[in-house]
Amino acid sequence: MNFVTHTQLREWLGGLMAERSVIAPQRLQPDLVVYRAVDSTDEIAFDFGRAALSPKEFFLPATEAILTIERVRQLIAGDDGEAQPDWQIRLTDHELTRDQVLFAIRPCDAHALTALDALLLKEPVDAYYARRRQRTSLIGLACAQMGPTCFCTSLGFTPDDRQGMDVMLYTVEGGYALEVLTEKGQAVTAGLQSTPYSERLPEREWPPAQISVPPRSVWLNAFNDPYWGELADRCLSCKICAYVCPTCRCFDVRDYTVAQAPGYQKIERLRCWDACMADGYRRIAGGHNPRPEKAQRLRNRFYCKFEYYPADFGPLACVGCGRCIDNCPVNVDITEVLDAVRARS
Amino acid sequence: MIEQLRVKAREILENKTVDLVIGYEMGTRGAVRPAFIRSPADVDRLVWNEGCTHNLVTYLRTKRVPAKRGAPPLRIGVVLKACDARALNILLHENQLPRTELYLMGVVCQGMQEPTRPQANSTSGLSLSGRMQLRCQACSDRVPVVYDVLFGDSSQQPTQAVTGQRQSELEMELQRLESMSTAERYAFWEAEFERCLRCYACRQACPACYCAECTAEQLDPEWVGIGITTPEKRFFHIMRAFHLAGRCVGCDECARVCPVGVRLDLLNAWMRREVQRTFGYQAGLDATAPAPLTTFRPDENLKL
């Protein structure tokens with residue numbers, strides 16, 4: 001383990017910006033920290049709890065052009081030697097132009113990426129996610145404490161967990177203790193000035209689990225419980241919970257004509273966030289909607305996280321970050337829901 | 001006061017005046033949340049305090065729909081603050097709700113506080129920020145404009161609300177916007193819209209946003225693409241502001257629910273002021289007065 005001062009850390013991050021895009025927490029408002037691509041270390045919020053939004057958008061952008069189709073009219077030589085117009089079709093795949101460094105990702109958000117990998121890196125691999133994942137180094141920053149709505153310890157994680165990180169930072173007296181965990185981590189820290197850190201990191205006693213996830217049998221029995229209707233009474237059917245969630249990953253895809261000029265046509269295929277809370281999410285051709293009721297959609301949120309996703313892909317689709325609790329305008333509290341479902345057994 | 005409200009709620013549920021009472025209850029982590037009471041035995045869940053900020057009128061249209069197809073619509077008792085009552089008048093005016101099927105439990109409002117961040121799970125009791133909401137600072141209405149029964153002492157003075165002596169913070173913010181150059185103001189709004197997640201919480205929380213199909217999500221024709229980038233978000237917010245002009249009552253639920261703090265309260269306050277200046281009209285005061293933007297008067301000369 002090595003020791004870096006705050007100044008060394010900043011110099012290193014500043015140096016990385018020349019070749020990579022550096023994504024770091026930025027304070028937009030006194031109470032609002034989000035991850036953004038930064039051009040200078042002055043823009044980085046080093047002192048923050050947990051960002052309001054997860055950094056998932058750098059792996060699954062809210063809007064991503066995944067394919068461009070261009071139709072260009074060119075003049076080519078015909079059989080008789082005369083120039084003739086011809087239409088050429090060009091397909092362009094969108095690649096990242098630079099490697100990404102995600103600075104100060106919290107352990108819960110790294111767990112969320114591990115959970116997403118179970119689905120998106122499994123055959124058939126989601127190529128767009130995979131290449132962003134592959135070209136991004138994760139510089140973890142251990143949490144100093146759990147926030148009021150955090151419940152990662154209830155799901156078997158800890159706020160200083162290094163799992164999934166390439167480099168891990170722990171805040172210590174006078175700077176950071178730094179651990180390089182992968183080859184990618186080694187490559188990205190090549191220019192970092194540091195000194196050996198000989199002390200042991202203090203053992204932390206994290207708060208014990210506050211809740212437990214009900215076992216599968218309970219979920220299976222609770223599906224038709226009137227509880228879901230009661231819970232959905234106050235739900236507004238907005239998409240806040242899904243959009244702030246680090247593991248919600250659903251999207252919509254549509255093709256758009258983006259420019260029309262004589263002799264030139266361009267179509268872009270956009271992939272954009274969508275969420276199962278919204279009325280239109282499951283609507284299919286012909287207008288049928290298999291989940292027309294708000295209660296069905298809200299129930300799906302919790303079954304997806306704690307029953308379908310683990311059954312199909314392994315990990316839970318919840319990491320205990322508590323963002324949905326922070327942001328729900330009508331106090332739909334995921335920990336209360338878990339308690340209520342368990343009480344139904 | 002809350003005891004009287006609970007007694008009345010129990011009474012109207014027991015004598016079947018209503019099928020459902022919508023009010024407020026304590027949630028988790030010190031939060032207040034909307035409560036849906038169907039049984040007289042549950043009325044003790046109802047609370048009234050300075051965290052009861054939600055505009056419950058939002059729920060009325062959908063909650064009237066009976067669970068069983070063909071059954072009569074539900075009759076609903078609802079707790080109303082002054083701002084909520086103005087929102088109700090908008091829906092009554094637009095023939096979205098039958099007045100006779102509603103039982104309106106008006107409450108004298110002393111202003112609502114800014115919500116706090118949710119507290120730790122162990123928290124019991126109410127958690128309030130201690131700061132009066134901007135909209136409440138600018139509001140001097142204590143008593144709802146429409147109600148069937150009123151709870152609270154209407155002679156009570158507002159706790160913090162501005163009573164005309166000094167300018168409210170909201171007005172000062174509007175003036176700050178007005179004093180900007182067009183380019184500065186454009187930059188301000190671009191930064192606001194850029195943050196937006198297009199989660200539609202503002203629209204979902206808004207009592208006046210009730211279209212069966214929102215223009216922002218219509219597929220045929222598709223006015224706005226599915227992209228979550230500034231042009232789509234700008235279009236959505238400006239369109240919504242125009243659809244609310246002359247209808248927005250300033251409950252500011254849109255701004256409260258926004259996870260990234262987009263200043264929709266300012267956008268709508270700006271439009272409200274334009275409507276006030278142009279037509280001398282304030283939305284929601286009267287369910288029968290003609291609405292300025294849906295009324296054509298041949299003799300009208302706005303001197304715009």
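These are my notes on two interfaces in a predicted model: chain A against chain B, and domain 1 against domain 2 within chain A.

**Entry 1: chain A against chain B**

I looked up who takes part in the contact and found 38 residues from chain A and 39 residues from chain B. I then looked up the area. The size of an interface is often given as the accessible area lost when the parts come together. For chain A and chain B the buried area is about 3,200 Å², and carbon and sulfur atoms give 54% of that area. I noted three residues, A:Asp233, A:Leu236 and A:Asn331, which supply 17% of the area that chain A buries against chain B. No other three residues supply more.

Next I counted charged pairs. There are seven salt bridges between chain A and chain B. I looked at the one that joins B:Arg33 to A:Glu336, where the closest N and O atoms are 2.9 Å apart. Between the chains I also have 21 residue pairs in polar contact, with both residues at pLDDT 80 or more.

Which elements of chain A each supply at least two residues of the side that touches chain B? I listed the strands β2 (21-29), β3 (32-38), β11 (251-261) and β12 (264-273), and the helices α7 (240-244), α9 (323-327) and α10 (334-343). β11(A) gives the most, with four residues. By class, this side of chain A divides into 19 nonpolar, eight polar and eleven charged residues.

**Entry 2: domain 1 against domain 2 in chain A**

I wrote down the domain bounds of chain A: domain 1 is 1-60 + 84-209, and domain 2 is 211-345. Their centres, taken over C-alpha atoms, are 25 Å apart. The contact takes 30 residues from domain 1 of chain A and 32 residues from domain 2 of chain A.

The area buried between these domains is about 2,500 Å², and carbon and sulfur atoms give 61% of it. A:Lys56, A:Phe151 and A:Leu155 supply 24% of what domain 1 buries against domain 2, more than any other three residues.

I found three salt bridges across the domain interface. I checked A:Asp326 with A:Arg50, which form a salt bridge with their closest N and O atoms 3.2 Å apart. Polar contacts come to 15 residue pairs, both residues at pLDDT 80 or more.

On the side of domain 1 that touches domain 2, α2 (107-120) and α3 (127-134) of chain A each supply at least two residues. Which helix gives the largest share? I found that α2(A) does, with eight residues. By class, I noted 19 nonpolar, five polar and six charged residues on this side of domain 1.

How values were computed:
Residues are numbered from 1 along each chain as its sequence is written. Chains are lettered from A and ligands numbered from 1 in the order in which they are written. This is a predicted model: local features need pLDDT of at least 70, side-chain atom pairs count only at pLDDT 80 or more; totals for chains, interfaces and linings use all residues. Side-chain values use heavy atoms; hydrogens and water are left out. Contact means heavy atoms within 4.5 Å. Buried area is the accessible area (1.4 Å probe) that two parts lose on being put together, summed over both. A salt bridge is a side-chain nitrogen of Lys or Arg within 4 Å of a carboxyl oxygen of Asp or Glu. A polar contact is a pair of N or O atoms within 3.5 Å; within protein, one must be able to donate a hydrogen and the other to accept it, and residues adjacent in sequence count only if both atoms are side-chain atoms. Ala, Val, Leu, Ile, Met, Phe, Trp, Tyr, Cys and Pro count as nonpolar, Asp, Glu, Lys and Arg as charged, and the others, Gly among them, as polar. Domain bounds come from an automatic or database domain assignment.
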